[in-house]
Amino acid sequence: MSSASAFLQFWWTDRVRDNFLSYVPKEDLCSLRLACHDFGVRTAPLLFKELAITFRPSTFTKPARMAALDRIGRQVRTLTFNMPHGPDTFLPPLLDCVTGEEVSFVYEPCCLPTRSSAARLSVPTYGSWEMTDLLVKQYPPLFHAAANVSSFIRAFSALPNLKHLKISCPGQEATHRYRRSTVDYALISLRIAVERSPLPDLDTLSLLPVHPGSLLYLNPTMGFGALPNSAKRWRQIRKLAIHMDTIPYDPTSPTDHLKLLHSYLQTFSCSVRRLVFRWNGLKGPFPLALGSEPSLTIPSPPLACPRRCHLALRPLKFARLRFMEVENASLDASQVSSFITAHRRSITEFNFEDSSLRTGTWDEALAPLTRISGNERWKKKSEEVMDVPLVLSPVGLEAGEVRRVREEQECVMERMRKEQRGWRSPALGSGGWGKVMGARGRGLFWGTEEHMRRFLRSSVLAWR
């Protein structure tokens, strides 16, 4: 067989070719894609599987960039939308050009399809011509690009096979938490674009990280421009990950961000199967039991917001939740116990990472596991204990001696594996072989104390 025929047979075997391309660096894939048309077609799914976008004024409006997105969009499976907070995203108050007084701006997304220049000049973009003129003069181009909902819809419509959407909005300052920025307008446009674009395969959403106020603009039931069927797209989500900045708790401060979080998580109560939540910074409350959070059950001070609704929050229950992980949280034992009891028929694994209890003990928090299983076997975890020796570095050792020592170590390890297979025989029972392996295995591998002393004093190795 000639070399050309052998290469064609290799290249036309899908599994072999795809396995080979998965190990090729991305830089080489770019060069390989330019070799010929067939190479470009075969490497495109791997080369454009993940796409990262840092939002700029011309990200979704530059014609050449959108034409390129139309060509490669069907290959994209994971999209990362990154828009960090900074000086260019800060929006100052709108001022009247004549009186100098602050002008209130009531935003309503304009979701009309892409129009010609003449059509755009016939209808004001921001409600009225006066408000449009003020915004054009006083707000930067990044704001107008973020509020261009039509460009977002066109961009997401070019990604029909998108499966995983990542949103990252880091860097918000504490003094700007209660001010709307350009990032918030971009999140509104992004949410509307996801709801109105054909994305049948979207099943994973990651918010890594986001500021607390972002959930108001990502919420499909109460966000700007929401429709009665807006939540239908988000019910496709099976895997949800949220990393949120923590707002320090103060008895006199409002807790609206926790209510927004509760309402946002309720959107996924019927569909999500894997949920990961992490508080960035200080420890925050248990996000899945905010209905029993003391800070939300105590009436808020009247000066914070006189018109705030004081109705109790409904407990969250995820009908199909299989895995749950909460990190950096401060919670009560009763909250954990109630959560386990409510999800006992669906959940198979949960993890509380770097979390602490405010009241109660972990035995009280995990008590439902005893009632569900009927015994306390879940408490008996096998703990592996082993001695880790101090490994020194040989100096002045020849290659032959190194090879001989390595072969001896391999022989010892092989004997250990054979012995271990023998110790796992059913005759020893389910819990008896571990103790035998712990004592006998260490003696077999390292020998006695006298053996180790002779080994280190050996003249074969020069040790430092």
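These legends go with a set of close-up views of a predicted model.

**View 1. The whole chain, before we zoom in.** Start with the inventory: 20 helices and twelve strands make up the secondary structure of this chain. Of its 464 residues, 36% count as buried. About 27500 Å² of surface is exposed, and carbon and sulfur atoms account for 56% of that. Look at contacts between residues at least 6 apart in sequence, and you'll find that 80% of them join residues at least 24 apart.

**View 2. An open sheet of eight strands.** Reading across the sheet, the order goes E1-E2-E3-E4-E5-E6-E7-E9, with parallel pairing. Strand E1 (50-54) and strand E9 (349-353) sit at the edges with a single partner strand each, so one side of each has no neighbour in the sheet. From one strand to the next, the twist averages 10°. As a reminder, strands of a sheet pair through backbone hydrogen bonds, in either a parallel or an antiparallel way.

**View 3. Strands E4 and E5, side by side.** Here E4 (residues 204-210) runs parallel to E5 (residues 239-245), and five bridges link the pair. If you want a spot to get your bearings, pick Thr-204, which stands opposite Lys-239 in E5. Strand E4 also holds Pro-209. The peptide bond leading into that proline from Leu-208 is cis, with omega near -20°.

**View 4. Two helices against the sheet.** Helix H10 (residues 182-196) packs on the sheet, where it touches strand E2 (78-82) and strand E3 (164-168). The directions of H10 and E3 make an angle of about 170°. Helix H13 (residues 256-266), for its part, lies across E4, E5 and strand E6 (274-280). Its angle to E5 comes out at about 175°.

**View 5. Helix H9, mostly under cover.** H9 spans residues 149-157, and seven of its nine residues are buried. Which residues of H9 are buried? They are Val-149, Ser-150, Ser-151, Phe-152, Ile-153, Ala-155 and Phe-156. What do the buried residues of H9 pack against? Their partners are helix H5 (63-72), helix H8 (141-146) and H10, along with strands E2 and E3. For anyone tracing side chains here, an α-helix has 3.6 residues a turn, so residues three or four places apart point the same way.

**View 6. A nonpolar patch on the surface.** Phe-7, Leu-8 and Trp-12 together make a nonpolar surface patch of about 330 Å². Leu-8 belongs to helix H1 (residues 3-11). With a relative accessible area of 36%, Leu-8 is partly exposed.

**View 7. Asn-328, a positive phi in a loop.** Asn-328 sits in the loop between strand E7 (323-327) and strand E8 (330-331). Its phi is near 60°, a positive value in a residue other than glycine. Is Asn-328 buried or exposed? It counts as buried, because its relative accessible area is 9% and the cut-off for buried is under 20%.

**View 8. Asp-354, another loop residue with positive phi.** Asp-354 is in the loop between E9 and strand E10 (356-357). Phi of this non-glycine residue is near 55°, again a positive value. Asp-354 is partly exposed, with a relative accessible area of 47%.

How values were computed. Residues are numbered from 1 along each chain as its sequence is written. This is a predicted model: local features need pLDDT of at least 70, side-chain atom pairs count only at pLDDT 80 or more; totals for chains, interfaces and linings use all residues. Side-chain values use heavy atoms; hydrogens and water are left out. Two strands pair if DSSP finds at least two bridges between them. Helices (H or I, at least four residues) and strands (E, at least two) are DSSP runs, numbered from the N terminus. Axes are lines fitted to C-alpha atoms, for helices over the stretch in contact, and angles run from 0 to 180 degrees between N-to-C directions. Contact means heavy atoms within 4.5 Å. Patches are made of residues with over 30% relative accessible area and no salt bridge: like charges are joined within 9 Å, nonpolar side chains (Val, Leu, Ile, Met, Phe, Trp, Tyr) within 5 Å. Accessible areas come from the Shrake-Rupley method with a 1.4 Å probe; for residues, only the protein chains shown count as cover. A salt bridge is a side-chain nitrogen of Lys or Arg within 4 Å of a carboxyl oxygen of Asp or Glu. Buried means under 20% relative accessible area, exposed over 50%, partly exposed in between (1.4 Å probe, protein chains only).
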